[in-house]
Amino acid sequence: MPRTGRPLLTILLIALALLVIVVLVLPLLIPKQQVRDWIVARAERELERPVAVGSVGAGLLPRPWVRLGEIELGEAPGQPASRITAESVTLRLSLLPLLQRRAEVTSILIERPHFEMTLPGELPAGGAAGDDAPGQGAGSASADHRASGAFAEAAPAGEGIPLIGSGDGAAAGEGAGEGAAEGGRAAVSSPVEIEIHELQIRDGSLAILHPGGKPFLEIGRLEERLSAQFSRQAVIALEGQTEIDELQLHLPAGALGHGLQVRLTKRLSLDTNADRLEIEQATLALGELPVEVQGAVAGLSAGAPIADLHLSGGPARVEEIMAYVPASLLAGTEDVRSSGTLELSARIEGALVPPEPSREGQKELLPPADFTVDFSLAEGRIEHPELPAALEGLAIEVHATPDTLHLPSIALRSGTSRLHADAIVSDYIAAPRFRGALDAQIDLALFDGVESLQLSGSASAKLTASGPLDRPGEVRADGTVRLQDLNASGPELPLPIADLNADLTLRGEKLRIRQLAGRIGASDLRLTGEVAGYRALDPAVWTTAADGGESALEPARIDLEPARIDLELHSEHLDLDALMLQPPGGEGAPSGGRDARDAGDHGSGGDASEPIPPTAALGVIEGRITAEVGELVLNRARARDVKARLRLDRGRIFLESAGGLAFGGTVAAEGEIDFRDAANPRFDVQTHVHQVEARKLYDYAAGLSRFGRLGGFLSGRIDASAKMSGALDDSLALELGSLDSEGRLETQDAELGGHPLQQSLSSYLSVPQLERLEISDWIQPFRIQNGRLTIDGMQLRAGEIELSGSGWQAIDGSVGLEFELLLPPELSERIRGKVPAELQPVLFEPGEGERVLVPLEVTGRLPKPKVGLDEARLRATLRQRATELLEEERDDLEQKLRDRLEGLFKR
């Protein structure tokens, strides 16, 4: 190689090495912390809101790039509460155009951005947000100055931007607002041209919330592809497409947009000098409905964009209309086929975001955007595999403004069924109130088979309603509802409904039941009367009124005005076990079961799938019920010719009188049952039974029989009265350990045989006649407390055998009793061998032919208690008798002495 070429080659190799070093090493030398701090400070000054950037990255290969990670923009003072986050923002630039004072951005990628804003509850009057708040009212000179400065500095000529800094550009930026006239802006030019090949947003989302936090608009899976060009005249040309796969607009009538895909193709022009975005061409595809968009948006950089937009689309035939109608109108849209003709037009004029108060103390604020939206669905048709006939003639008209949402017509027909409704909702964003009317005649066979429900009959309604949507308890409804020959059955219904007819009248807070008659399961009922404040009976409102929603299971804590009832109930057969205790959708016996009731054990707490216990509704009811029932089933007990008067008071049932025929006799009760603590209901009642059959009573109340163990041993008829109080378990059965009772039992012409006490007494005394007694009279006062039955003053007579006693017996079978058994002479001789010789005169020599009184004591535990002679009482009796004999002899001696003395004096 010539010598003259070697220096040149050496210089080229050195330059190449330096270039490699710069490319590879320079990114490592960039002070990333300082860059991040500079970006955050700059962004916070321009945006006037807190900014956080988690990481900064940069590189030169394969082309220059900068990446910002974990970006978060906080709330701007004086603006509606908002928050913006993004997983990352990446910019890629071409290197060579930078040398020609031209920035060519090959791509901007924004990943997972999320914008969240809370709508203002009420615009502050007269600058109530505070005159000292930063920012300007839209349209003021200072606002335009700030906007101009912001655009100048954000443009490539802005001062301090490393890639394209220019003193000329900085000077232009610094003076941009100085000569601006009020309402105008200084012209801004750029020393370079910028071209962005692609701006892309991946998986973006947006949420606009009501002041209370409930969603108003939700957008998800947003994808954006844009290209942009920045001219030297500061005009930005944008072109691209937006795709939204998830959209939900929450309105009082229900959510709109579920399943609706939105595509927006647009060509836009942003003039940064005029701060105006022109829509040159835009087509918004709402599913199958194309909508043309025209207009402009000004004031974007001032933080208070002002729109002038017009939208028009249709009429267009759409094969799937479910996303265009409120979800609450047509719930359960799976397997639904629908079609209809849609038309949409809208106009939006004014400020899209309420602006800040002025720094100069300006009191007036620009009003929010004025808009009108008109939407109509005509010739709608809905088909479902489970519907016997299609729903036709579906027509919906919607007219929306910032203040009102008007639905002048909602119509539907199918066969002989028809429905027409209209409604208007005012102030629907902040405090929605509505008024509307419904006129419907529905053949229920139309829904036969839907959700596996078998239906027949008809329903009609003519109703008007008005009130606040967020407070259902204040909604007033007037009109009539009628049901004719309703029959319903299915797996979701706990009991089938048959031949139900109803004639109901609503007048504001009052529901007049002119007739409600039919069969539910095996029960028939006829109900008439009135319910005032009937909305309190709807479990759906309990959780909103209760603390945190959990109190819906505790009626005492439901903070609602109660429903006031005055009802008359007539029934030939009423099975309350099936109506009240069976879990919805469940099968078999009520929770707790027979064994739990008999044993008095605690229940398991009921079916965990049952959210609200059947007795919870009692917590929101006041009033009276009178009932006449031919046959009543309650807690497995059957009663006939039942008549009752009940008073209800928010979880308490007062039995003013209740009685009927049961257990072969009559049963009556009065008192109180308290369900205010749903987990621990209690009762305090006075019961009376007359001439009931003992076997039937004790077979039913097997748990209660554990106190006296008379079930299965006592037959005949008994009378009893008792005051009883205690607790009930989840199946409304008695918890034996809680029972506190005091009463009296009487019986005549009964038989007691085979009882463990009888067998023990008979075996001990060798008197087999005691194993079966024909009782002519039995009186037994008793008290039950702390799981123990106490008797005092018991008297029992069976022929010549009499038994008196006192003591106690517990539910675990342990006993401590003292008896005095009076036996005829022919039976008493059998026990002479069990009596000590010195005590035999006490028992066996009271007098010729007299009955013998045997004191006994019983201890231990059933079924084999220990029986013994009570020698202590015998010895006490012996001492008493000896004392009596001495007193008798003394009296005889004294009398003989007086007689003799009297004889002497007479002489």
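**Note on strands, cores and a buried helix**

1. In strand β26, the residue that serves as bridge partner of Leu-569 is Ala-627. This is a predicted model, in which local features need pLDDT of at least 70 and side-chain atom pairs count only at pLDDT 80 or more, while totals for chains, interfaces and linings use all residues. Residues are numbered from 1 along each chain as its sequence is written, and side-chain values use heavy atoms, with hydrogens and water left out.

2. The pairing of Leu-569 with Ala-627 belongs to a set of twelve bridges that join strand β25 (residues 563-575) to strand β26 (residues 621-634), the two running parallel. Strands here are DSSP runs of E with at least two residues, and helices are runs of H or I with at least four, numbered from the N terminus; two strands pair if DSSP finds at least two bridges between them.

3. Strand β26 is also joined by twelve bridges to strand β27 (residues 637-649), and these two run antiparallel. Within this pairing, Val-629 has Val-642 in β27 as its bridge partner. β26 and β27 form a hairpin with two residues between them, and Asn-635 in the turn has a positive phi of about 55°.

4. The largest nonpolar core (a set of buried Ala, Val, Leu, Ile, Met, Phe, Trp, Tyr and Cys residues joined through side-chain atoms within 4.5 Å) holds 88 residues, and those touching the most other members are Val-531, Leu-714, Ile-718, Leu-770, Leu-821, Val-854 and Leu-856. A second, separate core of 56 residues includes Leu-260, Tyr-324, Leu-407 and Ala-421. Buried means under 20% relative accessible area, exposed over 50%, and partly exposed in between, with a 1.4 Å probe and protein chains only.

5. Helix α10 (residues 756-765) is mostly covered, with seven of its ten residues buried, including Pro-756, Leu-757 and Leu-765. The elements that cover these buried residues include β32 (740-753), β33 (772-775), β37 (814-823), β38 (852-861) and β39 (866-869). Just after α10, Ser-766 takes a positive phi of about 60°.

6. Gly-508 lies in strand β22 (residues 497-508), and it counts as buried because its relative accessibility is 1%. Leaving aside neighbours within four places in sequence, Gly-508 is in contact (heavy atoms within 4.5 Å) with Arg-476, Ala-477, Asp-478, Tyr-534 and Arg-535. Gly-508 and Val-475 are 33 residues apart in sequence, yet 8.1 Å apart in space, C-alpha to C-alpha.
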